[in-house]
Structures are given as structure tokens and as C-alpha cells.
Number of protein chains: 2
Amino acid sequence: MSDTLTLPEAETDNAPRTRRSAGGREAKRAARSARVVQSAPYITRKIPYFEVLNEEGLATIERNANTILEEIGIDFRDDAEALDIWRKAGAEITGERVRFPGGMCRAIVQASAPREFTQYARNPAHNVVIGGKNTVFAPSYGSPFVRDLDKGRRYATLHDFQNFVKLAYTANAIHHSGGTICEPVDLPVNKRHFDMVYAHMKYSDKPFMGSVTKPERAQDTVEMAARLFGDNFVDPATGKNRTVCISLINANSPMTFDDTMLGAAKVYARANQATIITPFILAGAMSPVTVAGTCAQTLAEALAGMAFVQLVNPGAPVVLGSFASSVSMQSGAPTFGTPEPALVLYVMAALARRLGVPFRSGGGLCGSKIADAQAASESANTMLPTCLGGVNFVLHTAGWLEGGLSMGYEKFIMDCDQAGMMHTLLAGVDMSENGQAMDAIREVGPGKHFLGCAHTQANFETAFYRSPITDNNSFEQWEAEGGVDLSVRANALWKKQLAEYEAPPLDAAADEAVLDYVNRRKASFADSNI
Amino acid sequence: MSDTLTLPEAETDNAPRTRRSAGGREAKRAARSARVVQSAPYITRKIPYFEVLNEEGLATIERNANTILEEIGIDFRDDAEALDIWRKAGAEITGERVRFPGGMCRAIVQASAPREFTQYARNPAHNVVIGGKNTVFAPSYGSPFVRDLDKGRRYATLHDFQNFVKLAYTANAIHHSGGTICEPVDLPVNKRHFDMVYAHMKYSDKPFMGSVTKPERAQDTVEMAARLFGDNFVDPATGKNRTVCISLINANSPMTFDDTMLGAAKVYARANQATIITPFILAGAMSPVTVAGTCAQTLAEALAGMAFVQLVNPGAPVVLGSFASSVSMQSGAPTFGTPEPALVLYVMAALARRLGVPFRSGGGLCGSKIADAQAASESANTMLPTCLGGVNFVLHTAGWLEGGLSMGYEKFIMDCDQAGMMHTLLAGVDMSENGQAMDAIREVGPGKHFLGCAHTQANFETAFYRSPITDNNSFEQWEAEGGVDLSVRANALWKKQLAEYEAPPLDAAADEAVLDYVNRRKASFADSNI
């Protein structure tokens, strides 16, 4: 992957907090940084986008989205302030239904939403730029269950959550620590966000996501982040908060936002933290059964949500999200990795580019319960469109099983391998003299082989993507080694990575400040599972 | 898949031979035709091609290919006639090395090679048009072994070969019967081509491939085809043979053609049968370790081979083939489904379009020994580029395992499912009024669901691609049904399809004529395994 290394913008004004330890720990740290440096903080694509619709098709969908916004409208439920904000902006309000005359949502978004933005990590080498030609890979999000080959499927715990934070930190191909990687169901519902957010802060130095399940949990996330970043939280040049977390605001499709999501969105927008406005759509249930219909509805919902964020705080980073799959017309079950969602993804990516905002979609989605061939096909049929279509923020890159109900340890490792390949794919074709390799062809000539030629010798270290888990040995060797499938090799690798994990250094004062906030807040109200 | 149905050109001059049976058999046949009609004879894409290189990059690779042809040259080995043909055409000959001044190969190909051509099937509903915006899926080719879940890996037999012909005939998503699907090693090497070609003729009515392992075996293929097609073999309008078979001519990369392949190519070209000129390249061994270098060499080799075919018989259908993967720089083993071969594929597809000839590449390639997640990822990472890049003739669509050493029964079924999805993907986005579905969105409105709305009711039959083998049930239901992986469901399906297989009707006189030729030829020389 060395040819795909993307250096972050110079961040001299945002250096990590001074570190005080020395000696043997310093040497260890140097070794760690050396390893971490190999990891690209994010991908900047060098290949074109794949487009499935022409100008006319895209313009038709934009027109239909506008019709939905103008004629049908979007419900903003149980949030009087939201309705008030819309009324002042000139929208037409009937009960909780908001209608948007004359393309106002698009105009609002285009007036202030940034085309791309930096999400800061506590280690500036891991800052990511979301938007433009960049792709950021984050782990899967939201599973109540975890699964591994040893113990099968079970409810997730904080220990699992921490394990996945560590695995994502260790994975070169994963740029982001993610959010609710899995639900730590061993903790009370009203306090588990503290432990999740703290795990991201403590066990990783990659950027992370915040809590959205109540507005006050969003506020807790912001408070913890402010303490973690300390003096670096506010940009002295602008006096505004730096964007240090990104959070997932789902629409209740069709055409509805609820007070929980609106509340969290307001907290984050006011703190200049990024939100991803995502219509969560299983086509056939939450949208029409067609690609064009699903795209128009997704765009309308996302426009309304993004415009709302811009009204709350003009310029707050916002991402157009699309989670679209379909339901089986036979059983009603959600399906993944089929061609229709891939078409939706290509169309939505193009629409986000035309609008001029970053785009979130895709990942390694599958319906399979286990990390078998079904899981792998479905994931590849989602991940490749994700990369070719031009997704900027890829939630669910690694670990996803069972329509998101389960987070798989082996699946996580397999998906990281796929994400690694995407770095090479998105780097495109090297057209340098060395890439053209005419000297090699001249040197070798007809009927010979290239294995020992000077060009191969000079390039073999970086020549091809190397998978850590695929088996390309002979049948005989593979059989002698146990004749196992990919998941068994992935099982060995996640255990090795956890065993070798070393936490990134964390400034003790910042750690203390975060923990102090968490402990005071935890003590201030009773545990509850609501 | 009904929305992707592509009707073949009207073929009134090429009707199937009159059939004489009636009554109950007629009714059965009608039922069969009804089933067969559902199958698209090939795909005509409605989405754009994905391109990774711009004009400048493609022109550079074309220039480099020309440099290889002019300065380095191509070896044509052990075939004095071939050298003579090149000498007369104006090439420079030194020993067996042929050099091609002033872009002569490109000029020869563009002067007479057809941009697209029809390969006729004995059932005209299964004729395929190879080239242009069309994609034709054929089974895998060339494995000495077969594998299934019940009996594991073993040498292939004629029985296996016949099974795969039947499975390919049954598969709606497979358009072509293929060639040496697996090697029937229970038959003598010098006679097994008779049984393979006959199996394609007898157990399927889809188009097929010919033998290439000796020039006389190519001639046997042509003779058998002439008897199968009878009066329909020659086009009365042109007096030329119709193209009824297509055959695989591999270059011995780097930059070498041998007498076996040249001999077969001459037989097929003179009979106006199609050939696929394919540099078979594992980058790092048979070509440089870079994408651009591999592409330039592939183009040079293919241009020399295609120009040779055009010199033998101007206008004979010829396909630019590219089989490119890479070798592990650690073990020397071939690898599949990695990003570099996908980049080669995208580039070669664009180069074939610029040249103006049909393109063959891709398929469901993998290095895995079994139909596990590795096989599925690698296959998807080859098949999706195959379709997005614009491959016209897809050899190895279904069954490939273990770098082509083994043909998998379960893998075949899984790959057919993937090929089925590609029909939907390549059909693109339906932008009709029904596709836009604005009435559905108006009918349902905010906060409701689309499951019962009129638009969903009207479209649910064809709304989404339906996989026959993926499991999208709940975890509990999946577990209650045994908790099995995809390969177990695929195992059940191939057995069902073989059990339900019914041979397509074959004119008795044609069958007799073919068998008479085969029996006379088989008796005319001794069995041999050379």
C-alpha cells in the first residue's frame, strides 16, 4: 500500500499534547509510530467515478426530489423548535408536516454546507478529510450481537466493543474508529455511551463517532471530546470548535424525522460537530420498489435534514447519507449485496457530488448469518460499488453480518483485507516510466520469464496487494495445513492482533479530565435500561 | 430478470431443423420452450463502461504495444507457413522472430476483423451476438479436477463433463455451453475432444467452443459442427460458413505463439469460425509486475495473433482476449481476485473498444480450493469488473476453483447466481414513469410503509433480483433449518437441477450424421494419451 499513502494536511497548529514519558517506552513508541506511519490516514482516489445515469436521468431525480419536498413534504415530529426554525426560514408548516417551496433545501445546503471538512483525531496523523476525492473507512455500527468461530453468536459486551476498537486501531486499512461498533448490552442503556465513547478515546487515536440516542448523550460526547482535545478543541484562527466527532442522524423513512434524531443533530450542529443525515431505507418497505423512486425519496429526505442542520448552524459539517437495501418481496426480510442497492449507491453518489456535499453509503453489507461465501459475495457486491461510486465516508466497512444484527470477529478481519485491496484499486494505474516497464519487456523478450529481471527485483516488494489471509498455495500444501476455509485463518489473525495490541499513548491529564467528567455524570443519575 | 430480456435478431433464414415428434412429447417441449424463453440469450448493457485511464494513458499503452511489435517482435514457433504468411504481408522475419513495422498489426485487424458477430446455436433462440454492448456468459474451462461437497476433489470424467453441460443448459444466467469445461481424464487424450464436442451438441442447444489441442482436432470440431447444422451451416446469402463455434487460442506469453495454437487458429479461421486470441499472463512471471506493462504486452501479443487470423482469412471473427492475473511475489503461486488484474481488465476492455474488436476476459476467478468466503470475494472482485469494464465474452463465468485446476459443482451454482445478478445490474436504472414511482410516494406519504401500496403490488414480481440460494431469513429460522452455509444450499440446487434436467430436442438425422463421423474417426486411429 505504500504507493497509496496519502499524507494529511500539515497540522502544525494541532500538534498532539506534549508527551512526558521517555526511555524504553519512548523506543516502543517510536516502533509503534514507525508502524502507524505505514497506514494511510485515508484514501484519495486516482481513478474516475463510475456513473450509471446521464445528466438527464440525474436531473429527473433531482426534480422528483424537489417535487416531494414541495408537494408532499417531510414530517418533523415532536420538536416544536424544529418547526419554528423551518417557519422562520420560509417553509410551509401544516401540523408537523413541513413543505419547502422553490428548491429552498438545496439553496440552504449549497449556501453554507462545506464541500469537504477535516475530522480531527487526537493523533493528527490520523486526521481524515471527508469529502472530495477522499474515502474514509470506518467499522460497522449498531449490532446487538457479536459472533466468532469459537463461541458462536452472543450478545455483545463492553469487552467486545473494546476488542473491536483495538482491532480497528490495529487495522491499516481502517481509517476511523467508528461509533457504536456493537451494543455493550452488559451496561445500562442510559450510561453505555460514556463507555463506548471513552473506549474510542482510550484504545485508539483514530477519529470517532458520537452518541445520538438522546440529545443529552450527544452533549456528553461533545463534553468528553472537549476534554480529550483540551487546548486543541477550539481553532484559534476562527474561534470555532474543531470538528472532532461525526455522528449518525437517521431519518425515519419515509419522509419523517423524529425528536431524538433532531435533538442530537441540533447538539452536534451547534458544537460544529459533523452529522451524517441518512435516510435508512429498505426499498419496498420504506420507499418504492424501484431504484429511481428510492433515489428521489432519499435525496428529498437528506436535503431536508441537511438544510435543517445548516439552519441550526450555518457551515456545520454535514454529510449526505444513503443506506438503501431492499426487502425480499417473498418474506419481507431485508436483503443485501443485490444489484438494486448498488444502482442506488451509484446514483446517490452522483447526486451528492452535484449538490456539493460529502457522501456516506455502502460498506461490507450482507444478510448472511456467518462469514461464508454468501457473506463474502454480498459484501464485495456492496464494497466495490462503494469505492467505484465514490463514497466519502464508509460506515460498516468491516464486521457486518446478518443485516447488521451481528458483528463478526472473523468477518471484521476479512473485510479489512477487502478494504486493503480497495487502497490499491483506488490508486489506479501507475503510468510512470517504471509503471510502463518497457525496459523490463526489452530485457526479458519473447519466451523468457520476468521473475528474475531487474524491474521485477526492484518492484517486487510493492508490486501486488498482499492479503494476510487468503491461501494461494497448492492444493496439496493447503490440504496438509488442514484444508481450512478463510474464516479459520481470519480467526487466527484477530487473536494475534488482539494479543499484540498496544494502546496508543494518551496524555494523562486529558485522560483524567475525560474520566472525571464521565464519573461525575454517571453518578448524577440512576442506571436505567431506557 | 424479465426486464433484461434481450431478443436475438430475427433468424428466419436459420430456423431449427424440422422436428418430427408430436403429442405428449410436443406438450413437454412446449413447456420446455416456455421455460427457455425466460432466459435472455445474452445481455445488452444499458449502463456505461467503467474506465480507469484517460485518453493519454490509453494512447501511451497503445504506443508501447506498437514499440513491442516493431522493436522486440513476437516469436511464431515451429510453423513455417505462419512465417511465410507474415513475410508476404511485409513483416520483418529473423529466424522465428517476427517484427511488425509501422503499426501493421492494427491496420490489418481494423481492415477486416468484424466489430461484432453472431455465433449461431442449433436453437436460434440461443444465438449470441459477441461484441458491441453485449455480454455473453460461458462456463469455466480447462480444469483437470472437479469438486463437490459429497465426494471432495477428484479427477474429472466424461460424466462430470456432461453434468456441467446440463447445468449450463439449465442455467438461465449462462448463455453459452462453453468448451473444455473439465478434462474427461477417463478418455484417451487423442479422442476425448469428440466426446466433449458431442456432449455440447447433444445435451445443450446453446452455442459452444471447439477443440484446440491439435489442428486435426480443430478440424474434427468443424466437421462435427457442419453435420450438426446441416443445411444451415452455410449462409446462402454469402456462400460462407456461418460462425457456429468459437475457440480459445492462447499465446505463450511473453511474446510467443506455438505451432499447436497457430495450427488450430488456421483451421478455424479458414472455416470462418471464431477464435479468441488470449495472452495468458500471470504478471510478474509472463509479464512485468505492473499494470501498464502487462497491458502493453497483452495488447501487442493479441494484435499479432488477431492480425495473423485476418491474414489467414480476412473477416474471420476474432476476439481480443486477456487472461491476466498475478503471481505471489512470496511463493510464486498465482493469485486471483486482487485489484491489479481488475485494473488490467478495465484498461484492456477500453483498448479493445478503441481497436474495434470484441473483448474476452474475466469471469468468476479465484485461488481458493473450496467454495468458501475467499472464493466468493475473489470471484466477485473479478466478475464485477468483468461486467462494469465491458467484457463481451466471459469465459470462466461459473465453476472456477483453485486457479482453474478444479471445477466446483457448488461453485458453479453460486457463480450462476452472481451471473444472474449481473443481468439486473447491466440493465441499469429504469427511468420510466413506473420506475420513477412518484405516484407511489404520493400515495404512501410520510411515516407510512410501501409494502401494500398499488405500485408495490403492481411491481413486486419483478422488483428485485431473487437469489435461489442466499438465506435472508431470521437468525432463528436459519438456525432451525440447520444453520448451514451457502455451499450446502448450492449443493442441494445442483442436484435438483440435474434431476430435473431434460435434454433439448435434437434432430435425429443430424445426431446420426455427427455420431457417424465421430465413430468413423475414432476407429481410424489408435487410442493414445499424447
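With which side chain does the side chain of A:Ser253 make a polar contact? The partner is the side chain of A:Glu301, at 2.5 Å. This is a predicted model, and the distance is computed from it.

Start with the surroundings of that serine. A:Ser253 sits in a loop of chain A. Strand S11 (245–251) comes before this loop, and strand S12 (256–257) follows. Is A:Ser253 buried or exposed? Its relative accessible area is 12%. The cut-off for buried is under 20%, so A:Ser253 counts as buried. Several residues beyond its neighbours within four places in sequence are in contact with it. A:Pro279, A:Phe280 and A:Ile281 are among them. A:Met286, A:Gln297 and A:Glu301 also belong to this set. A:Glu301 thus appears both as a contact of A:Ser253 and as its polar partner through the side chain.

Now turn to the pairing of the chains. Chain A and chain B bury about 8800 Å² between them. Carbon and sulfur atoms account for 70% of that area. In chain A, the residues that lose the most area to chain B are A:Lys369, A:Pro446 and A:Phe464. Together they make up 8% of what that side buries. The contact draws 113 residues from chain A and 113 residues from chain B.

What polar links cross this interface? The count is 28 residue pairs in polar contact, both residues at pLDDT 80 or more. Four salt bridges are found between chain A and chain B. One salt bridge joins A:Lys369 to B:Asp471. Their closest N and O atoms are 2.8 Å apart. A:Lys369 is also one of the three residues of chain A that lose the most area to chain B.

Which element gives the largest share of the side of chain A that touches chain B? Helix H11 (residues 373–389) does, with 10 residues. By class, that side of chain A has 57 nonpolar, 36 polar and 20 charged residues.

Symmetry completes the picture. A turn of 180° with a shift of 0.0 Å along the axis lays chain A on chain B, at an RMSD of 0.0 Å. The two copies are therefore related as by a two-fold rotation axis. Which residue of chain A comes closest to the rotation axis? A:Ala373 does, with its C-alpha at 2.0 Å. Residue 373 is also where helix H11 of chain A begins. Both copies use the same surface, and 100% of the contact residues of chain A recur in chain B.

Notes:
Residues are numbered from 1 along each chain as its sequence is written. Chains are lettered from A and ligands numbered from 1 in the order in which they are written. Side-chain values use heavy atoms; hydrogens and water are left out. Contact means heavy atoms within 4.5 Å. Buried area is the accessible area (1.4 Å probe) that two parts lose on being put together, summed over both. A salt bridge is a side-chain nitrogen of Lys or Arg within 4 Å of a carboxyl oxygen of Asp or Glu. A polar contact is a pair of N or O atoms within 3.5 Å; within protein, one must be able to donate a hydrogen and the other to accept it, and residues adjacent in sequence count only if both atoms are side-chain atoms. Helices (H or I, at least four residues) and strands (E, at least two) are DSSP runs, numbered from the N terminus. Ala, Val, Leu, Ile, Met, Phe, Trp, Tyr, Cys and Pro count as nonpolar, Asp, Glu, Lys and Arg as charged, and the others, Gly among them, as polar. Copies are superposed by least squares on the C-alpha atoms of residues with pLDDT of at least 70 in both. Buried means under 20% relative accessible area, exposed over 50%, partly exposed in between (1.4 Å probe, protein chains only).
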